[in-house]
Every structure is written in C-alpha cells, then in structure tokens.
Amino acid sequence: MIRPFNFSAGPAAMPEEVLQIAAAEMLNWQGCGMGVMEMSHRGSEFISIYENAEKDFRELLSIPPNFKVLFLQGGGLGENAIVPLNLSRGGLVDFVLSGSWGQKSFVEAAKYANTHIAATSQEAGFTYLPEPTHWNLRETASYVHLCTNETIHGVECHELPDLKSLGSSASLVIDFSSHVLSRTVDWSRVGCAFAGAQKNIGPAGLTLVVIRDDLLEQAMDICPSAFNYKLIAQAHSMYNTPPTYAIYIAGLTFQWLKKQEEQGYMGTLAIEQRNKRKAELLYTYLDNSQFYFNKVLHSSRSRMNVPFFLRDESLNEAFLKGAKNNGLLQLKGHKSVGGMRASIYNAMPLEGVQTLIEYLQDFEKTRA
Ligand SMILES: *Cc1c(COP(=O)(O)O)cnc(C)c1O
C-alpha cells in the first residue's frame with residue numbers, strides 16, 4: 001500500500017519501517033511467545049528493550065555520562081509542572097518566550113515558582129527568537145526556560161545560548177519536544193531537556209528527560225514521588241511502571257535513525273543534513289512565490305514546522321481539499337495562527353516535501 005504523506009504537527013507520521021516491525025512483532029516479540037505490551041517491565045526481555053533504547057538515544061545525541069536519561073509519562077505539559085517542582089526550589093525562574101508552548105510553561109510554573117519573562121516576541125506575533133544578548137536575566141534565578149522549537153509558530157533556536165557568557169549562573173532548561181533528534185545538542189549549555197515523544201520519537205504519552213546529575217538533588221517536598229527525577233533516576237525509570245510499549249516503539253525509531261547514519265557524518269546526526277535540505281527547499285519555494293508566504297524571521301525559522309499562508313485566504317478550503325486528493329494530509333495550520341502548516345519531522349522523506357512543492361506550484365498555477 002502506498003500511504004499518503006502526513007504533515008501532522010503531532011502526533012505525527014512515523015517511519016513506515018518502524019510500524020512494519022511493530023506490526024510483525026505484535027503477537028510474538030523475537031520468539032519469546034509474548035507481545036511487548038504483555039511483558040513484565042522487570043523481566044529480562046523488556047529490560048533488554050529498555051537498555052538498548054537508552055543506549056541508542058544516548059549515542060544518537062552524544063549525551064555525556066554525567067547526564068541521566070529518564071523515560072516517564074505525563075507529556076510535555078506534565079513537564080511544565082514537573083520541571084519547576086524538581087528544579088526551582090520554589091525560587092526564581094526566568095522565561096524566554098517565542099511562541100505559545102513557552103507561554104504555557106510560563107503560566108504553569110507560576111504555581112510553584114517566582115516567574116519572570118526575560119524576553120518575549122509576543123508583540124511581533126511570535127515571529128522570532130529574541131537575541132540572547134537582550135535577555136533580561138535575574139542573577140539568582142535557578143533556571144532559564146526556553147522552548148527551542150515552537151511547534152505552532154514555527155520558530156526554532158539554532159544556537160543554544162551560553163548563559164554563563166550572559167552573566168547568569170542559572171541552568172538552561174529546554175523543551176525540545178518538537179525537534180528532538182532532528183539535530184545535535186550542545187550539552188555543555190544545557191542543564192535539563194525534556195521532550196514529549198509524539199513528534200519525532202513515537203507514541204504520545206512517553207516523555208524523555210535528560211538531566212545533569214548535579215540537578216537531581218533539588219526537588220521540592222510537594223513534588224509527587226512518581227515525578228521526582230532523583231527517584232526515577234535511581235530506579236532506572238522503573239520507579240513505577242513506565243510506558244513500556246511506547247518505549248519499545250521509541251527504541252525501534254532510534255534503530256531506524258541509526259541506520260540513517262552515513263559515512264562522513266560522524267559526530268553529527270545524518271538526519272540533520274536531510275532535515276536542513278528539506279526545510280531549505282520548502283522555504284526557498286515559499287519565499288520566491290507571490291502566492292504563499294511565511295512570516296518568521298529567516299534566522300529563527302524552524303526546520304520542523306513550516307507555517308505558511310495563502311495571500312488569498314478565501315482559497316484555504318480549496319487548497320486543503322486539493323491537497324488531500326493529492327495524498328497530502330493534515331496541512332491545516334493551528335487555529336491560533338491560521339493558514340497552513342507543514343510539519344516535516346524526521347520521518348518525512350525528501351519526496352514528501354518535493355511532492356508538497358509540486359502541489360503548491362500546481363495549485364498556484366490553476367488559481368493565480
Ligand atoms: C507537542 C508539544 C508539547 C506537548 O505536550 P503534551 O503534553 O504531550 O501534549 C509540549 N511542548 C512542545 C514544544 C510541543 O511541540
């Protein structure tokens with residue numbers, strides 16, 4: 001069966017190979033007579049699935065040994081509370097806002113910590129990431145929160161800020177939900193990173209947290225035990241039953257990513273080169289068109305989420321209908337932004353972007 005290209009922002013398209021392996025192993029995982037969903041999380045079969053998933057994730061992102069990787073539940077929004085409960089000590093937390101995910105995190109953290117907006121691009125409709133040198137950081141903040149890829153507004157941070165050089169001793173906390181594993185991460189600049197799985201990794205519900213060892217000691221007393229990073233780390237993510245099937249699928253995605261690694265790209269993710277190419281093709285087309293446009297400042301544009309508009313918005317419905325008929329699904333923009341959005345995560349092949357551009361051209365020709 002030839003499947004359509006799916007541009008959903010999340011839960012998003014998975015690599016087809018991953019779905020096929022999962023389907024083939026559904027009833028009987030590697031000859032053990034059980035499906036993965038039916039296994040004890042403490043049995044040797046699942047432990048091997050878990051250990052391989054963690055090892056591959058660490059390897060793909062070159063995560064240093066002084067960081068723990070936690071697999072938990074609760075999603076990105078869960079982390080909006082879990083992070084301040086673990087890291088704020090009830091003190092000061094600074095936020096940099098370049099879209100609605102950062103804003104949501106800011107509102108939630110205010111329940112637990114003394115929050116402050118160090119910089120925002122809200123006045124410009126979240127069309128850029130404020131320059132780090134202009135951030136108004138507080139000296140005694142325990143951490144600075146930054147969503148490094150704003151999924152709805154299509155704004156991405158392409159170079160992580162070095163907080164020390166900005167005169168801050170705070171740790172950087174990043175929400176990298178919608179571009180995790182799409183590019184390398186400079187861990188020397190990060191204290192904690194979290195990601196919901198449903199964009200680039202696997203089933204919704206699974207959340208990955210990467211946290212530096214020295215930050216594990218600071219949880220507030222009111223922090224729920226099942227969300228206490230230290231307890232979870234000590235139990236190797238088995239403090240309570242982890243989302244076992246989601247971890248298995250994540251592990252298959254990591255194996256798929258490792259297969260994409262090619263000679264010559266040592267030390268970086270091969271997929272990053274492909275992602276750059278896909279985004280460049282699409283933005284170049286949009287920029288050269290009189291019919292479509294994207295509003296985001298060039299240096300802040302996301303490689304993963306490309307919001308765009310038709311100059312004549314009365315054609316939106318016809319555009320979406322035609323797209324669907326051409327095997328291009330879920331291109332409608334988020335309701336808060338309007339227009340269209342093409343999410344082109346790791347699993348979107350280059351041909352998907354090329355096919356989208358062909359459709360954009362055809363639609364323009366018949367309507368302009
Ligand atoms: C999708 C997304 C989330 C999602 O959180 P859920 O709780 O899993 O719905 C959080 N942050 C960002 C940047 C996202 O793109």
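Biologist: Before we start, what does buried area stand for here?

Modeller: Happy to set that out: two parts each have an area accessible to a 1.4 Å probe, and putting them together costs some of that area. Buried area is the loss, summed over both parts. The model we apply this to is predicted.

Biologist: Thanks! How much area do domain 1 and domain 2 bury between them?

Modeller: The domain assignment gives domain 1 as 17-257 and domain 2 as 262-367. Carbon and sulfur atoms carry 55% of the area buried between these domains. The total is about 2000 Å².

Biologist: Which elements give two or more residues to the side of domain 1 that touches domain 2?

Modeller: That side divides into 10 nonpolar, 11 polar and 3 charged residues. The elements you are after are strand E7 (155-156) and helix H6 (244-260).

Biologist: How many residue pairs are in polar contact between domain 1 and domain 2?

Modeller: Let's begin with contact in general: 24 residues of domain 1 touch 25 residues of domain 2. The salt-bridge rule finds 0 across this interface. For polar contacts, with both residues at pLDDT 80 or more, the count is 13 residue pairs.

Biologist: Now to the open sheet: why is one side of strand E11 and of strand E14 left without a neighbour?

Modeller: The sheet has 3 strands in the order E11-E12-E14, with antiparallel pairing. E11 (292-293) meets E12 (305-310) over 2 bridges. One side of E11 and one side of E14 (340-343) lack a neighbour because each strand stands at an edge, with a single partner strand.

Biologist: Which residue in E12 stands opposite phenylalanine 293?

Modeller: E11 and E12 pair in the antiparallel sense. Opposite phenylalanine 293 stands phenylalanine 309.

Definitions and conventions: Residues are numbered from 1 along each chain as its sequence is written. This is a predicted model: local features need pLDDT of at least 70, side-chain atom pairs count only at pLDDT 80 or more; totals for chains, interfaces and linings use all residues. Side-chain values use heavy atoms; hydrogens and water are left out. Domain bounds come from an automatic or database domain assignment. Contact means heavy atoms within 4.5 Å. A salt bridge is a side-chain nitrogen of Lys or Arg within 4 Å of a carboxyl oxygen of Asp or Glu. A polar contact is a pair of N or O atoms within 3.5 Å; within protein, one must be able to donate a hydrogen and the other to accept it, and residues adjacent in sequence count only if both atoms are side-chain atoms. Helices (H or I, at least four residues) and strands (E, at least two) are DSSP runs, numbered from the N terminus. Ala, Val, Leu, Ile, Met, Phe, Trp, Tyr, Cys and Pro count as nonpolar, Asp, Glu, Lys and Arg as charged, and the others, Gly among them, as polar. Two strands pair if DSSP finds at least two bridges between them.
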